[in-house]
Amino acid sequence: MSEVQSLIDERRRAGRGCLVGYLPIGFPSLDESIGAAITLANSGVDILELGIPYSDPVMDGPVIQRATQRSLEGGFRVRQVFEALETIRNESAVPTLVMTYWNPVLQFGVRNFAAELKKSGASGLITPDLIPDEAKDWIEISSEFDLDRVFLAAPSSSKERLDAITRNSRGFVYAVSTMGTTGSRSELDSAARALVGRLREANAERICVGLGISTPEQVAEVLKYADGAIVGSAFVSSLETGGIEALRAKAQALSGSIRLG
Amino acid sequence: MSLRDQPGPYFGEFGGRFVPESLVEAIDELSAAYDVARSDPEFRAELERLGREYTGRPSILTEVPRFAGSFGASRILLKREDLNHTGSHKINNVLGQALLSSRIGKRRLIAETGAGQHGVATATAAALFGMECTVYMGEVDTERQALNVARMRLLGAEVIPVRTGSRTLKDAINEAMRDWVSNVASTNYIFGTVAGPHPFPAMVRDFQKIIGEEAREQVLQAVGRLPSAVAACVGGGSNAIGIFDAFLDDQEVALYGFEAGGDGIETARHAATISKGRPGVLHGARSYLLQDEDGQTIESHSISAGLDYPGVGPEHSWLASIGRVRYSAITDSEAMEAMRLLSRTEGIIPAIESAHALAGAGKLAAELESGSVILVSLSGRGDKDMETASSWFSLAGDS
C-alpha cells in the first residue's frame with residue numbers, strides 16, 4: 001500500500017478526511033514556493049500537491065494560470081521540481097504528489113521522470129490531461145517504480161470510464177466537482193456528491209474531490225462523502241495576495257474545519 | 001495499402017486524445033455522431049447542397065501563366081478556395097461541423113481563430129443555422145486582423161480577445177477548450193484545423209478533402225494528366241490535407257507543404273513546426289511541436305496570423321515521417337513577394353497564408369522540368385491582409 005493510501009486509510013479510521021493542498025513550484029519564486037509548501041505541511045494539510053508550471057494549462061482557471069505563468073517567466077525549469085521535493089521531504093513527513101500536464105513528462109522521458117520522482121521522495125503523479133486510455137507507458141513505469149497514479153474522473157464520465165479510471169488509479173481517484181476549470185466557486189456543484197457515489201459503485205476505495213473548494217464549510221461538506229478535499233486556487237490566491245502569513249491562516253482555517261467536523 | 005481515409009485516433013505514432021477527462025464524453029459523442037453522419041446519405045446530401053448553394057462549390061481552377069512565367073517553364077494552376085463564400089477554405093469544415101452540431105442538439109458554437117478566417121466562417125454558419133456563437137481570438141491577432149473582428153461581430157458572434165500566454169492562436173485554443181470543459185452540455189467546439197484530439201484531425205480532413213477531389217478532376221480535364229506537384233501552406237494544415245488527400249495514393253504526384261519561416265528558420269522567429277520542431281503533446285494530440293527542452297511550447301512567429309501556430313496536425317507529422325509529403329519553410333519576405341507578384345501578374349490578391357504556397361510553387365517551378373504542372377491551393381483571399389500589406393509595401397499615403 002502506498003504512503004498516500006495508508007494516510008487516507010489512517011485518517012478514515014480516525015473518523016476524519018484529508019485536506020490536499022496544491023501550490024505551483026516557482027511561484028512567486030522557487031525558494032518562496034518551497035517555503036510555502038512547507039508552511040502548508042505544517043499547518044494541517046495532509047497531502048501536498050506540487051504543480052509543474054506549463055505553458056498551456058487548459059484545465060486551469062485564471063488564478064493558477066497567473067501563478068504558473070509568473071513562475072515560467074521567472075525561469076522555472078522542470079528539474080527544479082526534484083530539488084524542491086527533496087527539500088520539502090527533509091522538512092516534513094507529508095506525502096507529496098506532483099501535478100503535471102503530460103508534455104513536460106514526455107520530454108523529460110517517462111522513465112527518467114519516474115526515477116527522479118522516486119529518488120526525490122514523491123509519491124506519484126496527478127495527470128490532468130492524461131487519461132488512462134493514453135497512459136500505457138505511464139501505467140507500466142509507475143508500477144515498476146511503485147508510484148501513485150491519480151487519474152481524474154468527471155461528472156460526465158460514463159460507467160465504463162469510471163471503472164477504467166478506478167482500475168488504473170493508485171493513491172486515490174481525483175473526482176472533479178464540476179464541469180469546468182480550477183478556481184473558487186461560491187457554491188459546490190451537487191454533481192460532486194453524485195460522482196463520488198458512482199465512483200464508490202465502481203469500487204473506488206479512495207476518492208478526493210477537487211475544483212472550486214475554498215471555504216471551511218465547503219471542505220466540511222465534501223468530507224461528509226469523500227475521503228479528501230483538494231484545495232488549489234484558494235491557497236494560490238492567499239499566497240498571491242497576503243504571502244506566507246495569509247497562506248498559513250488559510251491552511252489552518254481549512255484544516256481546523258476538519259477537526260471540528 | 002491506401003494512405004487515404006486514415007480513421008484516427010492515431011496516424012502512425014501521431015494523434016491520440018490527450019484531453020482532460022471532462023472532455024472525453026463530448027469527443028466520444030462527437031465521434032459517434034460523426035461516424036453515423038459520414039455514412040448517412042441525407043447528411044452528405046445536405047452538406048453537398050450547402051456547398052453548392054451557399055459556399056459556391058465547386059471552386060474553379062485558374063491557370064496563372066504570367067505568374068508562372070516569372071519562374072521558368074512550368075505551368076501553375078490555382079485551386080480557388082479564395083472564391084468561397086467568406087473568402088477561404090475554412091467554410092467547408094465549418095458547415096460540416098455546424099450541421100453535425102445541429103444533429104447532436106448543441107445550439108451554441110465556440111471556435112478559436114488566428115487570422116480570423118475560421119472565426120468568420122463559424123460566425124457565418126451560426127448565423128445561417130440560427131445558433132449562438134463565441135469566438136476566442138488572441139489579443140495580438142484581434143489587432144492585426146481587426147477587419148475580421150468587425151465581420152464576426154456584424155454576423156452576431158461574440159468575439160473574446162484572449163489575453164493569456166502569448167495572446168495568439170495557441171492561447172485562443174486553450175481558452176476555447178476551457179469554455180468547452182465548462183459548457184460541454186450545451187456547446188460544440190468547432191475546431192478549425194486538422195489538429196486537436198481525435199476526432200478532429202480525421203473529421204476536419206474529411207470536410208476539407210473536397211478541395212483535392214475537385215481539383216484532381218479539374219486538372220485531369222484541363223491538362224489531361226495528373227499534376228507533377230501539389231503545393232499548399234501548412235499552419236495547422238487543414239487546406240493542405242484537404243488538397244493532398246485525393247493525391248496521397250498517386251505516387252507520381254509529389255506533395256509539398258510550406259510552413260511559415262518567419263524571419264528565417266535559422267532564427268528563433270518562425271512557425272516551421274515540422275522543419276524545426278520535435279514530437280510532443282499539445283492541444284490533445286501527439287505531433288510535431290515547437291517546444292523548449294522542458295516541453296514548454298515556444299511562441300511561433302509569422303507575418304501570417306493563420307500560420308502562426310507552434311503545432312501541426314498529426315496526419316502531417318505522419319506524412320512527413322513516412323516521406324510522402326515534403327515540408328519546408330517560406331520566409332515572411334518570400335511570401336510577401338509572392339503576394340505582390342500574383343497580384344500584379346494575375347490580378348488575384350491572395351491571403352498571406354496562401355502566398356507561402358505560391359512562393360513555394362515558384363521555387364518548385366524553377367526546379368522541375370519544363371512543362372511540369374504544379375497545382376497550388378489558393379486557400380484564401382487577401383482582403384483581410386490589407387493593413388499588413390499596406391505597411392509592408394508602404395502603400396498608404398500620397399505617393
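# Close-up views of a predicted two-chain model

**View 1. The largest cavity.** The largest cavity has a computed volume of about 340 Å³, in a structure that is a predicted model. Lined by 29 residues, this cavity has B:His89, B:Lys90, B:Gly306, B:Leu307 and B:Glu353 as the lining residues closest to its centre. At least two lining residues come from each of β5 (108-113), α5 (117-129), α8, α11 (238-244) and α15 (352-367) of chain B. Sorted by class, the lining of the largest cavity comprises 18 polar, seven nonpolar and four charged residues. In total, the structure holds five cavities of 30 Å³ or more.

**View 2. The second largest cavity.** The second largest cavity encloses about 250 Å³ of space, and among the 24 residues of its lining, those nearest its centre are A:Asp60, A:Ile64, A:Tyr174, A:Thr182 and A:Leu211. Two or more residues of this lining are given by each of β7 (173-176), β9 (228-231) and α11 (233-260) of chain A. The lining of the second largest cavity consists of 15 nonpolar, seven polar and two charged residues.

**View 3. The largest pocket.** The largest pocket has a volume of about 570 Å³, and of its 20 lining residues, B:Leu47, B:Glu48, B:Asp206, B:Phe207 and B:Ile210 are the closest to its centre. The elements of chain B that each supply at least two residues to this lining are α1 (21-38), α2 (41-55), α4 (90-103), α9 (200-208) and α10 (210-223). Of the contributors to the lining of the largest pocket, α2(B) gives the most, with seven residues. Nine charged, eight nonpolar and three polar residues make up the lining of the largest pocket.

**View 4. The second largest pocket, lined by residues of chain A and chain B.** The second largest pocket holds about 290 Å³ of space, and the closest to its centre of its 17 lining residues are A:Ser55, A:Gln69, A:Leu72, B:Gly165 and B:Lys170. Both α3 (62-73) of chain A and α8 (169-183) of chain B supply at least two residues each to this lining, and the largest share, five residues, comes from α3(A). By class, the lining of the second largest pocket has nine polar, five charged and three nonpolar residues.

**View 5. Helix α9 of chain B and the cis peptide bond at B:Pro199.** Nine of the nine residues of α9(B) are buried, so this helix is largely enclosed by the rest of the structure. The buried residues of α9(B) are B:Phe200, B:Pro201, B:Ala202, B:Met203, B:Val204, B:Arg205, B:Asp206, B:Phe207 and B:Gln208, and B:Asp206 and B:Phe207 also appear among the residues closest to the centre of the largest pocket. In the loop between β8 (187-189) and α9 of chain B lies B:Pro199, which is joined to B:His198 by a cis peptide bond with omega of about 15°.

**View 6. Further backbone features of chain B.** A cis peptide bond also joins B:Gly8 and B:Pro9, with omega of about 0°, and B:Pro9 is placed in the segment before β1 (10-11) of chain B. B:Arg167, a residue other than glycine, has a positive phi near 60° and is found in the loop between β7 (158-162) and α8 of chain B; its relative accessibility of 31% means that B:Arg167 counts as partly exposed. Phi is likewise positive at B:His283, near 50°, in the loop between β11 (278-282) and β12 (285-289) of chain B. B:His283 counts as buried because its relative accessible area is 5%, under the 20% cut-off.

**View 7. A:Gln218 in its setting within chain A.** A:Gln218 lies in helix α10 (residues 216-222) of chain A and counts as buried, because its relative accessibility is 8%. Apart from neighbours within four places in sequence, A:Gln218 is in contact with A:Arg185, A:Ser186, A:Glu187, A:Leu188, A:Gly212 and A:Ile213. The chain around this residue comprises 11 helices and nine strands, and 63% of the 261 residues of chain A count as buried. Chain A has a radius of gyration of 17 Å, which agrees with the value near 18 Å that a compact globule of 261 residues would have. Of the contacts in chain A between residues at least 6 apart in sequence, 72% join residues at least 24 apart.

How values were computed
Residues are numbered from 1 along each chain as its sequence is written. Chains are lettered from A and ligands numbered from 1 in the order in which they are written. This is a predicted model: local features need pLDDT of at least 70, side-chain atom pairs count only at pLDDT 80 or more; totals for chains, interfaces and linings use all residues. Side-chain values use heavy atoms; hydrogens and water are left out. On a 1 Å grid over the protein atoms alone, a cavity is a set of points where a 1.4 Å probe fits but cannot get out, and a pocket is an open set with protein on both sides within 12 Å along at least five of seven lines; lining residues have an atom within 4 Å of a point. Grid points are joined across faces, edges and corners, and a volume is the space filled by probe spheres set on the points. Helices (H or I, at least four residues) and strands (E, at least two) are DSSP runs, numbered from the N terminus. Ala, Val, Leu, Ile, Met, Phe, Trp, Tyr, Cys and Pro count as nonpolar, Asp, Glu, Lys and Arg as charged, and the others, Gly among them, as polar. The radius of gyration is taken over C-alpha atoms; the globule rule is 2.2 Å times the number of residues to the power 0.38. Buried means under 20% relative accessible area, exposed over 50%, partly exposed in between (1.4 Å probe, protein chains only). Contact means heavy atoms within 4.5 Å.
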